[in-house]
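Colleague: I'd love a slow, close look at one part of this model, rather than a quick tour of the whole thing. Could you take me through the surroundings of ligand 3, and show me where they meet those of its neighbours in the list?

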Amino acid sequence: MALQAAALVPSTFSAPKEGRSAASFKDSSLFGVSLPDHIKADFTSSALRCKREFNQRTWAVRAQTTATATPAITRSSMDGKKTLRKGSVIITGASSGLGLATAKALAETGKWHVIMACRDFLKAERAAKSAGMSKENYTIMHLDLASLDSVRQFVDSYKRSGRPLDVLVCNAAVYQPTAKEPSFTAEGFELSVGTNHLGHFLLSRLLLDDLKQSDYPSKRLIIVGSITGNTNTLAGNVPPKANLGDLRGLAGGLNGLNSSTMIDGGEFDGAKAYKDSKVCNMLTMQEFHRRFHEETGITFASLYPGCIATTGLFREHIPLFRLLFPPFQKYITKGFVSEDEAGKRLAQVVSDPSLTKSGVYWSWNKASASFENQLSQEASDQEKARKIWELSEKLVGLA
Ligand code: LMG
Ligand code: NDP
Ligand code: PMR
């Protein structure tokens, strides 16, 4: 397993820039016209941010060593000042788009060691280099979420590395808007839900103990959601709409043999499968929160980072769509964000001391201030969340 080496951290640096304050914009209007209340995403203000200064002592991490032995916070015998070790964050799908931009934003602070969990090692290495990330701030490890064996191997390798785990970011995704026929993961699940939901479900379940053991001041599990899975927004009402139905397809294994490839049991539709997978992501985050937040102190969060219309997510869409989608989002919906800006947003959810509230679906207003957004009825249905959890456990071999 490709574990690159090790980090030597600069000895002192200053803290994250002061956050912006409360949100006062709505993100669900088009041409400045507000939506009716029932499809308007509500919001509340983000918490007040605190300014922090961290001094970081030199800290070396070596693969196969006992990095966990280094406590997160130590007090210097010289001046009694508290110091914080570098945080360890795993980001899936960090070889492009949002994942890469987040890896870059975190690596640049010098406070994080980013484990880029990617299916294409060389692509990830090139991406990290061209993003200007310096070697001591990242490690690339192989992970193919479309194979549960690969997920298990990744987890074993990570555990063997002895590195602590402070934050896990489930970011990778596939989107197949033009596929006429379904494709499948190694275990035979429809690819979008298999990768985006089931792969991440197994990964997070297997790494939960490691997060639990982290002594970092704030440990977090973040699953990237999206507006298009939320039917309480305009974007979520563009057909085909997300709808998990009574979960009969999921119960049948999404294999297209003895069950449908779609969660609700319907005909295959790649765009819908993606949106359904995002609903699963958002429900899974909340189910984690209900089951484990109190016991573990882990912060569970999801987010909609904005419409990053230029990423590889749209690689399978028709060329005309790829040409028109960015200007459409920039000038018409005004929902567009750059990869850099979206990366900063996700990096906040990873490390901002004010975003520690668990069970939250974060969004940002037009001034780029974070706020707690409201999920659609289906994406906040507790009973569905519990059923998806139980069915997913069976499918990935945990129950
Ligand atoms: C499905 O179709 C496919 O069936 C599925 O296979 C998959 O691909 C899926 O989500 C992906 O899409 C959805 C289809 C049906 O929606 C459309 O795509 C219809 C319109 C095509 C537009 C593509 C959007 C992106 C490109 C924008 C191009 C616009 C030009 C702008 C150029 C900018 C330059 C400055 O959707 C429908 O049936 C209708 C959608 C109903 C949604 C709500 C309607 C809101 C109306 C507002 C429309 C505003 C748009 C432009 C107006 C321009 C005016 C100046
Ligand atoms: P990209 O396609 O740029 O990034 C997706 C990443 O996932 C890539 O690194 C890709 O790897 C990786 N990936 C895909 N399949 C697998 C797999 N089987 N195993 C491991 N990694 C895999 O898209 P985005 O950056 O836009 O998407 C990132 C996240 O943001 C997704 O969760 C998406 O749903 C979410 N999102 C995106 C929005 C947008 O507007 N773009 C809006 C809302 C949410 P590779 O590089 O090898 O292809
Ligand atoms: Mg959408 C406020 C309006 C808004 C926002 C924020 C998005 C985000 N979109 C909006 C509106 C519209 N879109 C409208 C009015 C239309 C019809 C013209 C429209 C169409 C559209 C298409 C065809 N939009 C799309 C597609 C896609 O294929 C993308 C998709 O659904 O991927 C699943 C997409 C998106 N629009 C967004 C966002 C964030 C996406 C893509 C990514 C995602 O959810 O992860």
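**Around ligand 3**

Modeller: Start at T228, where a polar atom of the side chain sits 2.5 Å from an oxygen atom of ligand 3. Bear in mind that this is a predicted model, and that every distance here is computed from it. Y175 does something similar, with a polar side-chain atom 2.6 Å from an oxygen of ligand 3. Then there's H317, whose side chain puts a polar atom 3.4 Å from a ligand 3 oxygen. The cut-off for a polar contact is 3.5 Å, so the H317 pair still counts.

Which helices build this shell? Both α6 and α7 give it two or more residues, and α7 is the top contributor, with five. Altogether 18 residues surround ligand 3, and the ones that come nearest are Y175, S226, T228, Y274 and Q329. By kind, the shell splits into 12 nonpolar residues, five polar ones and one charged one. T228 and H317 make polar contacts there, but nonpolar is the biggest group in that split.

Now keep your eye on Y175, and move over to ligand 1. Y175 is listed among the nearest residues here too, along with P177, P239, A271 and F328, out of 13 around the ligand. An N or O atom in the Y175 side chain is 3.4 Å from an oxygen of ligand 1, while P177 uses its backbone, with an N or O atom 3.2 Å from a ligand 1 oxygen. How much of ligand 1 does the protein bury? On its own the ligand exposes 1,300 Å², and 45% of that is buried by the protein.

The helices will look familiar: α6 and α7 (319–333) each put at least two residues into the ligand 1 shell. Once again α7 gives the most, with five residues. In character, this shell has 11 nonpolar residues, one polar and one charged.

Next, follow Y274, which is one of the residues nearest to ligand 3. Y274 is also among the closest residues to ligand 2, together with S95, K123, N171 and T311, in a shell of 31. A polar atom of the Y274 side chain lies 2.5 Å from an oxygen of ligand 2. Two further contacts reach ligand 2 oxygens at 2.8 Å: R119 gets there with a side-chain N or O atom, and I308 with a polar backbone atom. How much of ligand 2 does the protein cover? Of the 890 Å² of accessible area that ligand 2 has alone, 97% is covered.

On the helix side, α1 (97–109) and α6 (270–296) each supply at least two residues to the ligand 2 shell. The mix of kinds is 15 nonpolar, 11 polar and five charged residues.

So what links the sites? On the residue level, Y175 is on the nearest list for ligand 1 and for ligand 3, whereas Y274 is on the lists for ligand 2 and ligand 3. On the helix level, α6 supplies residues to the shells of ligand 1, ligand 2 and ligand 3. If you're rotating the model yourself, begin at T228 and ligand 3, then trace Y175 across to ligand 1 and Y274 across to ligand 2.

Definitions and conventions: Residues are numbered from 1 along each chain as its sequence is written. Chains are lettered from A and ligands numbered from 1 in the order in which they are written. This is a predicted model: local features need pLDDT of at least 70, side-chain atom pairs count only at pLDDT 80 or more; totals for chains, interfaces and linings use all residues. Side-chain values use heavy atoms; hydrogens and water are left out. A residue is near a molecule or strand if one of its heavy atoms lies within 4 Å of it. A polar contact is a pair of N or O atoms within 3.5 Å; within protein, one must be able to donate a hydrogen and the other to accept it, and residues adjacent in sequence count only if both atoms are side-chain atoms. Accessible areas come from the Shrake-Rupley method with a 1.4 Å probe; for residues, only the protein chains shown count as cover. Helices (H or I, at least four residues) and strands (E, at least two) are DSSP runs, numbered from the N terminus. Ala, Val, Leu, Ile, Met, Phe, Trp, Tyr, Cys and Pro count as nonpolar, Asp, Glu, Lys and Arg as charged, and the others, Gly among them, as polar.
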